[in-house]
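Q: Can we go through some backbone features together? Please show me the sequence and the structure.

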Amino acid sequence: MTARPQSALDRDGPGSRGATSSGALVEMRGITRNFGDTHALRGVDLTLRGGEIHALLGSNGAGKTTLVRILAGLDRPDAGTVDLLGRPVARFDPKALRSQGVALVQQHFTLVPTLSASQNLVLARPEGILIPGARAARDRLNTLIEYTGLSVRDDVPAGRLSVGEQQRLELLRALDADARVLLLDEPTAVLTDQEAETLLNVCRTLAAEGRALAFITHRLAEVFDGADRVTVLAEGQEVISDELVADHTRAGLASAMIGQEASGTFTDRSGRSSENHVARRLVVSGLSLGRLEAIDLEVAGGEILGVAGVDGNGQFDLEAAMSARSIPDAGSVAVDGMVLEAGNPRHRRAQGLAYIPSDRYQFGLIRAMELADNLELGRVPRWRERRAARREGSVAALDHWNVQSAGPAAQASTLSGGNAQKLVLARELNGEPRAVLACYPTRGLDPNAADTVAARLVSCADDGAAVLWIGAELDELLAVSDRIVVLAGGSVVGPFFPPYDRAALGLAMAGEASDDQP
Amino acid sequence: MTATVTPTEPAEETPGLLARIAHRATAGGPINQVLVPLAAVVAALVVGAVFITFDGSNPLLVYREIVSAVFTGRRGFSDTATAATPLILIGLGYAIAYRARVFTIGAEGQYLVGAVVGTAWVTAGGISDMPRFPLIMSGLLLAALGGALWSMLAGWLGVRFGANIVISSLMLVYVAEAVLAWAVRDGIKDPDSFVNQSRQIGPATLPDLPGTSTHIGFALAVLLVPVAAVLMARHRGGFRVTAYGHNPSALDANEVRSKTVVLLVMVIAGALAGLAGMVETAGVSGRLGAQASVNLGFEAIIVALLGRLNPVGVLFAGLSLAGLTIGFESAQREFDLPSSLVGVITALIVVFVVVGDALASRGKEAA
Amino acid sequence: MDILFKIETLEAAIRLGIPVALVALGALVSERTGVLNLGLEGMMLSGALAGYAANEATGSPWVGLLAGVAVGACSGGVLALLVVTARANQVVTGIALTLLAISATTYLFQLQYAIGGIPPRVNRLGMTPLVLMTLACVVALWFLFNRTTLGMAMGAVGEAPEAADALGYRVNHLRWVATIIGGGLAGLGGAALVNGPLGLFIGNVTAGRGWVALALVVFAGWRPGATVAGALLFGLCDAAQLRLQGTTTDIPYEVFLALPYVVTLVALVLRARASRTPAALGVAYVRGAH
């Protein structure tokens, strides 16, 4: 490492300015944050000390990102206090917190794609009315590059840099602002192993200078390679709080991540008869798109295949390819032996593959249209019935699926989340589909609605459909699935059979092979 | 992808103003559809009254003259109907395109291309000997085809290459003007004329509606209104157009590739504009000259907006605007008013519609 | 073909091109921040009328230019209010304002100078001051966008408003500023047209040049210098087709009429593929909606 740029740390030395006696640069106490009915964080504490790397572990929806966003000023807590460098934070504003030394490197980057790397630096921390010349800007960039060993090209617009380079640039930008508290959200998710290792090395160096680093991750290897302390969140609460990594095992952390056993609100299928209907009803062969690399899946009629995994491992791509929304780079999807035409949603429906989208408001419904019209989406006949007839005809479906609304003429935007999802089900599952692609079907729903939706999907399977259920909550998948596979790192791990071993699943999701795996 | 905690309420989507107008137009009750444009018209008339008073005349008398010029006397209504015809035709096209939130502004160009193609066909040697009915029909059809292709060009550039449809459709207007200039000077020029214009279209002239002095183009425009209304309300294509305007992603995931909808509306808008071009040439001017289009394209945008992107609304808006213009011509002579005043009032109407909707939705947001 | 290179043609090219160049620079500024200004034609026209009236009243063409800038800037403010703050659709609002400007300027002009009466000619500026002024604008804008933080922020707002917002730049404020500057330049262009080559005002004197300016910006890839060069090219085509009208050549002069727009279409396609268009052009910004 070459000489590093001037830093506030030079003047103060680690831990001497603004830190408490325990060396804590950040103390978050009792942080609570709710989004409507969802309790994202329930009285969470987090302490970040200078010179330490702190890992934040947890499964989807545990609250890690919310916590970090609050610290960065992008969100505010409903209750609790945040002390930064010994002083309480009064204003949760990104610019203010950035100027106080907190930097957040998020998963989606906030670079201006048409500016070069050095220009992006200048934009983030301008030096007055005039911008420095190209040479001076480049020097600023190069100083940081030399100091960290992270290389970024300056001769192309930032939009053309590789994902790894973009992330390095984000990190350099944070350092340029001389951040004392660095927060990284899933930093290695988009990096190769080599890049990840470089990154962790840099983090160690930065920490050694007295900065406090925290990174969100779901990869256990990183926790053990890179972190000094760990906090595990589950459902908005701390399961393991601010403990030394050295005091734990991989398996222990994995279990903690998955969380306690839920109270079993989901329909339990363990007692189901396993008489088989049609074998290989829904088949995915060699599918490649985005994160997915030539994956194969098979679901028999009457079977529910649960697809588990941490967000960002290809679920979105799988959904896009199977729903015919995107055309895959390679591979195919077939229902009852008929290959679905890529990019043709009507063909998908005609062949009997129902699609419950992960984002019902973007892909499933048209908010401004009435319920009766939404029920027709994807199956609109060439000549539609009169509006009154359409509305009348939809009443039966709305009742059958218990969609509570002001009537078939109401706009879809007036429905609550649960009822909107039931509307989607009413449309998709009407008419005995041969296969169902359900993507996070209970996401964002209150427990009652979630239960209803899950029950309906299960009964679909009982009627002989092949159900592919992409889920986030492991409890849900454990309860309904006949088999479970895990998407990790672009490929499929599994299958796992009941009785399910949570630890093994957790390890698979965290990217670790367990002893049972071939 | 960020691990998310999904809020239970749907993420607030705050669309732009025309989106809100279109939203109200399709989802709001009849009161909403009529109230804002009506209020805008009234407001514009009030401002116009101020100007008229400034000029020394009594606004009430002026407005009464306008109304009487339009309604009493067959001449008045015939003129209004004739003036309204191209506005309605082009306005229908715009209404459909804007429902899909495809903001093409190239109708002027499609109009001209349609006129050139149609006129070239019916004045060509050999063709002009055809019996009258097939001659007229084929001329109109080819004109519509020409306009459709011209519009498709902009649509294709947008869908295939991502070119901004607003700008590309506008550029094609200018290219069309150049095509027109060449056509009347060289391509289809009347050899017996000193002025740059095409031959007389003679037998292809549109006949008048029996008993009136209005050409049948008006009847065609009026007939197309319920056709468009039915197609939008009851045909699958109409559903797709409206759905695309609201949420193209949902369409992609469930119904049809959304690009086809863009091309569809561009074709329809172009065909209608091209048709209007030939209708005007064959019904009004009798031949194609260098000054073929007088801002019709932009006036039609006003008609579409005033009509709330609704075919029936377009009909009323087209008639109203034409009536205002025709009636004003008479009042202007009577009261010695500046001829540009009617343009001011018309423009104020659409500005007030835009402002009115802005105020309405800010009020809704604050509520 | 040699007609293109005669001095008179080149002079005419500059004469015809300068006012358009100024308007195009105005379009460039607002589009850099993502605001598509379809009211330019109207703003140019308003500036022309204001410029003429002020010149006629005071006898000074420079006062006329100032008046043009003022009126244009005010129009820009109105557009910004509707399009940035109220988030109205940029296409429709721009067109509405242009239509209003076209009819309003004709009306006001007719009021002042009754039909039949000959509007007085006003003192004109020679080409030299106008050319210098345009060059000054080009240099100023180049400096703004390449050398100042403000300019860089404006560009960021047009490309990636979420990123700019996250960095603490106020997207809507910058768009307001850009739209007002753009309107002011458009008004200046109109005033320059009337107080320069023409020396008088007639109804709809701009005759569509404002629309041409929009095309120019695309053609020039949103760069100030190239924009002015493009304007001169347009002027050249304009001058050429005027001169060719009387002559008989193999190439119909209408080709020159259409040529600039065809080239712009090609540029539009190429630029779109090369993503030169400000990514957020035409889209209102709402924090959190992306």
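**Reading backbone geometry**

A: Start with A:Tyr440, which is buried because 23 other C-beta atoms lie within 10 Å. Buried means 20 or more other C-beta atoms within 10 Å of a residue's own, exposed means 12 or fewer, and partly exposed lies in between, with C-beta atoms placed from the backbone. This is a predicted model: local features need pLDDT of at least 70, side-chain atom pairs count only at pLDDT 80 or more, and totals for chains, interfaces and linings use all residues. Residues are numbered from 1 along each chain as its sequence is written, while chains are lettered from A and ligands numbered from 1 in the order in which they are written.

Q: What is the sign of phi at A:Tyr440?

A: Most residues other than glycine have a negative phi. A:Tyr440 is not a glycine, yet its phi is positive, about 45°. A:Tyr440 sits in the loop between strand E17 (435-439) and helix H16 (447-462) of chain A. Helices (H or I, at least four residues) and strands (E, at least two) are DSSP runs, numbered from the N terminus.

Q: Is B:Asp336 buried or exposed?

A: B:Asp336 is exposed, because it has 11 other C-beta atoms within 10 Å. Its phi is also positive, about 60°, although B:Asp336 is not a glycine. The residue lies in the loop between helix H13 (311-335) and helix H14 (341-366) of chain B.

Q: Which peptide bond leads into A:Pro495, cis or trans?

A: Most peptide bonds are trans. The bond from A:Gly494 to A:Pro495 is cis, with omega near 5°. A:Pro495 belongs to strand E20 (residues 491-496) of chain A.
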